[in-house]
Every structure is written in C-alpha cells, then in structure tokens.
Amino acid sequence: MPELPEVETVRRGLEPAMVGERFAAIDLRRPDLRFPFPERFTERLTDRRVEGLRRRAKYLIADLDGAELLIMHLGMSGSFRIEKAGGLTHGAPLLGARPKNSAHDHVAFELSNGTRIVYNDPRRFGFMQLIPRPEFAAHPLFKNIGIEPLGEELDGATLARLFAGRTAPLKSVLLDQTLIAGLGNIYVCEALHRAGLSPRRPAASLARKDGGPNKRATLLARVIRDVLNEAVAAGGSSLRDHRQTDGALGYFQHSFRVYGRDNEPCTRCGGKVRRITQSGRATFYCGGCQR
DNA sequence: AAGCGAACCTGGCTGC
DNA sequence: TGCAGCCAGGTTCGCT
C-alpha cells in the first residue's frame with residue numbers, strides 16, 4: 001500500500017494522538033508480522049513516553065523517552081486507526097472507519113490517556129522493530145537508504161549523479177530505495193508521465209556525458225516533488241487499504257493521470273495509456289507523449 | 001556490480 | 001454460485 005504520501009499522512013494523523021503520551025499497555029495478538037516482533041516487545045514499550053514521531057522513507061519512527069526507537073513499516077496493506085477513549089468521538093462515526101476484518105488487528109497500543117492505536121495488516125508485510133537510538137544511522141534498515149525526495153537534496157544535479165552509468169530502465173531505478181527513498185509504483189508512474197519521460201528510457205540518459213544534469217533531469221526532479229506534495233495534501237491515495245488514521249479515505253487516486261488507466265486516453269495528448277511489466281511490476285505510461 | 005525474477009501473505013476481482 | 005487464476009501501494013534474497 002503505502003508510499004511516501006500515505007506514510008506521511010499516517011504520521012500526521014498519529015502524531016497529535018501519540019506524542020506526549022505513554023504506552024499504558026500493549027495488546028500483542030500474534031508473535032510476528034513479516035518478521036517476529038522484537039524480544040520482550042510489550043515490556044520494552046510499556047511506560048515509555050513518545051517524544052516525537054518522524055518519517056524516514058516509508059518508515060515511521062517513534063522517539064521514546066528511553067534509549068530506544070520504535071520503527072514501524074506498513075508493508076503493502078498496513079494501516080493504523082485511532083480509537084479515542086469512549087469510542088469514536090466528534091461527529092457521526094466515519095463510514096468504514098473500522099476494518100471489516102478485525103482478525104487482522106495485530107497490535108493495539110493503549111495510551112495513558114485511554115486512546116487506543118490499532119495496527120491492522122491483512123497481508124502482514126509490515127513489521128515493527130525496536131532499535132537503540134545511537135544505532136539508528138548505522139542500522140541495516142537505514143544505512144543504505146537514499147535521499148528524501150521532499151528534502152533539500154533532490155534536484156537535477158543529484159538525479160544525474162545517482163543515475164549516471166545506470167543502464168536499467170528509469171522506472172526501475174526510481175523505485176530503488178537506496179537511491180531515492182519513498183517513491184513507489186504509483187508515484188513513479190505519475191511523475192514520469194508529468195515529465196514526459198518513458199519508463200523504459202535508460203536512467204543514464206538523464207545525465208550529460210560529464211555527469212551533470214540535462215533538462216530532463218531538472219524537470220523530473222521538479223515533478224517528483226510536485227506529485228508527492230499534491231498527494232500528501234490529498235491524504236494519499238486509497239486504492240484498497242490505505243486510510244487516514246480517522247478512517248477517512250485519501251483522494252489522490254482521483255488525480256492519477258496514468259496509474260491504473262490502461263487503454264484510456266492520455267489526458268495530455270489523447271494517446272492510449274499502456275500497461276507493461278518492468279521488473280515484475282506493472283508500469284502505466286503513454287506511448288504518445290512519454291519519450 | 002547491477003539487474004531481474006521469485007518469494008513472502010491475504011483478499012478482492014474477473015472470467016469461465 | 002463456485003472456483004481457479006490473477007493482481008495488488010513493498011522489500012529482500014538469490015541467481016545470472
């Protein structure tokens with residue numbers, strides 16, 4: 001499910017509910033998700049206070065008042081929902097706020113103010129880890145993570161440097177989390193369409209011979225930022241599983257120009273949107289205006 | 001080294 | 001209606 005905009009949406013939903021609270025109890029319903037939960041997971045969290053909630057790539061990172069960080073990844077189908085003490089409060093209950101199948105509620109964090117934060121993940125590709133704060137940068141999960149696309153580093157020059165010498169298709173390289181962190185299948189397809197670049201083009205074609213950026217690289221860097229910022233503002237894209245923490249749907253899926261639109265006309269040139277497979281994943285693009 | 005396909009797991013949709 | 005097959009927003013492992 002979740003690419004950078006969806007994870008950021010979840011972070012913004014959880015932050016006001018969690019930060020400043022302590023974990024009063026942890027309701028752990030199974031021993032593992034994608035990986036086993038850490039040893040003594042509930043004991044290590046209980047009574048810890050959440051000092052902050054950050055995002056790095058597609059990871060959520062809760063800063064705890066002890067020496068540890070709680071790392072959470074949503075995999076393909078993970079979601080959090082917030083249940084305030086006394087039930088869902090303000091206004092009418094949001095339709096669908098509660099997943100049909102609570103059998104996939106795997107963890108509930110019970111906070112000191114009575115709020116419950118429930119993690120649901122049907123496919124269980126998500127996971128949680130506890131790592132010592134000093135080990136964060138060198139930790140295997142994070143040491144090879146690439147730049148933040150909404151940070152300062154992403155510009156044409158950086159793209160050209162990252163892509164120089166790469167013969168793999170632009171689409172595959174943009175999905176490589178060790179280069180740029182947070183892009184996934186949807187937003188790569190959408191950014192390439194906005195930039196008018198073919199997903200099949202060799203990544204190195206965005207660098208000049210001297211390694212500097214060409215106009216394509218500069219344009220691509222800009223539209224990556226644009227599409228991610230617009231998606232965050234829309235609360236992410238809800239195709240199947242993604243919900244905001246109050247149960248509301250994201251709505252950026254209504255703004256897709258190519259993703260999931262195979263055989264439809266391109267909104268820019270009227271050509272037909274095509275679907276191909278690259279590295280085992282669906283790619284959507286317009287053969288007419290993406291070169 | 002880089003690039004690609006398979007695997008992890010469940011649910012939803014399509015087509016016979 | 002039922003069932004087989006295919007597909008899904010991510011990441012990692014193993015084989016060229």
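These legends walk through a predicted model of protein chain A with DNA strand B, one close-up at a time.

**Figure 1. Chain A as a whole has six helices and 10 strands.** The radius of gyration of chain A is 20 Å, close to the 19 Å that the globule rule gives for 291 residues, so chain A is as compact as a globular protein of that length. If you like to think in box dimensions, the C-alpha trace spans about 55 × 45 × 30 Å along its principal axes.

**Figure 2. Here we meet the residues around DNA strand B, 13 in number.** H104, R123, R124, R166 and A168 come nearest to the strand. Of the atoms of DNA strand B that come within 4 Å of the protein, 69% belong to sugar and phosphate. Sorted by class, the surface near DNA strand B has six polar, four nonpolar and three charged residues.

**Figure 3. Three arginines are shown with their polar atoms beside DNA strand B.** What part of DNA strand B does the polar side-chain atom of R123 lie 2.9 Å from? For R123, that partner is a base oxygen. The side chain of R124 instead has an N or O atom 3.0 Å from a phosphate oxygen of the strand. R166 also has a phosphate oxygen as its partner, with a polar side-chain atom 3.1 Å away from it.

**Figure 4. An open sheet of four strands runs in the order β1-β6-β7-β5.** Its pairing is antiparallel, and the edge strands, β1 (23-28) and β5 (79-83), each pair on one side only. From one strand to the next, the twist averages 15°. A closer look at β1 and β6 (residues 105-111) shows antiparallel pairing over five bridges. L28 stands opposite V107 of β6. Lying across β1, β5, β6 and β7 (116-120) is helix α1 (residues 4-18), which runs at about 35° to β5.

**Figure 5. A second view of an open, four-stranded sheet has the order β2-β3-β4-β8.** The pairing is antiparallel here. β2 (50-56) and β8 (127-132) stand at the edges with a single partner strand each, so one side of each is left without a neighbour in the sheet. On average, neighbouring strands are turned by 20° against each other, direction ignored. Within the sheet, β3 (residues 59-64) and β4 (residues 68-73) pair in the antiparallel sense over five bridges, and the bridge partner of Y59 in β4 is H73. Helix α1 packs on this sheet, touching β2 and β3, and its direction makes about 175° with that of β2.

**Figure 6. Strands β9 and β10 form a hairpin with two residues between them.** β9 (residues 273-278) and β10 (residues 281-286) pair in the antiparallel sense over six bridges. Q278 stands opposite R281 of β10. For anyone checking backbone torsions, S279 in the turn has a positive phi of about 50°.

**Figure 7. S205 sits in the loop between α5 (185-195) and α6 (215-233).** Which backbone oxygen does the side chain of S205 reach? The oxygen belongs to P202, at 2.7 Å. Leaving aside neighbours within four places in sequence, S205 is in contact with N214 and R216. F163 is 42 residues from S205 along the chain, and the C-alpha atoms of the two are separated by 8.1 Å.

How values were computed
Residues are numbered from 1 along each chain as its sequence is written. Chains are lettered from A and ligands numbered from 1 in the order in which they are written. This is a predicted model: local features need pLDDT of at least 70, side-chain atom pairs count only at pLDDT 80 or more; totals for chains, interfaces and linings use all residues. Side-chain values use heavy atoms; hydrogens and water are left out. A residue is near a molecule or strand if one of its heavy atoms lies within 4 Å of it. A polar contact is a pair of N or O atoms within 3.5 Å; within protein, one must be able to donate a hydrogen and the other to accept it, and residues adjacent in sequence count only if both atoms are side-chain atoms. Ala, Val, Leu, Ile, Met, Phe, Trp, Tyr, Cys and Pro count as nonpolar, Asp, Glu, Lys and Arg as charged, and the others, Gly among them, as polar. Two strands pair if DSSP finds at least two bridges between them. Axes are lines fitted to C-alpha atoms, for helices over the stretch in contact, and angles run from 0 to 180 degrees between N-to-C directions. Contact means heavy atoms within 4.5 Å. The radius of gyration is taken over C-alpha atoms; the globule rule is 2.2 Å times the number of residues to the power 0.38.
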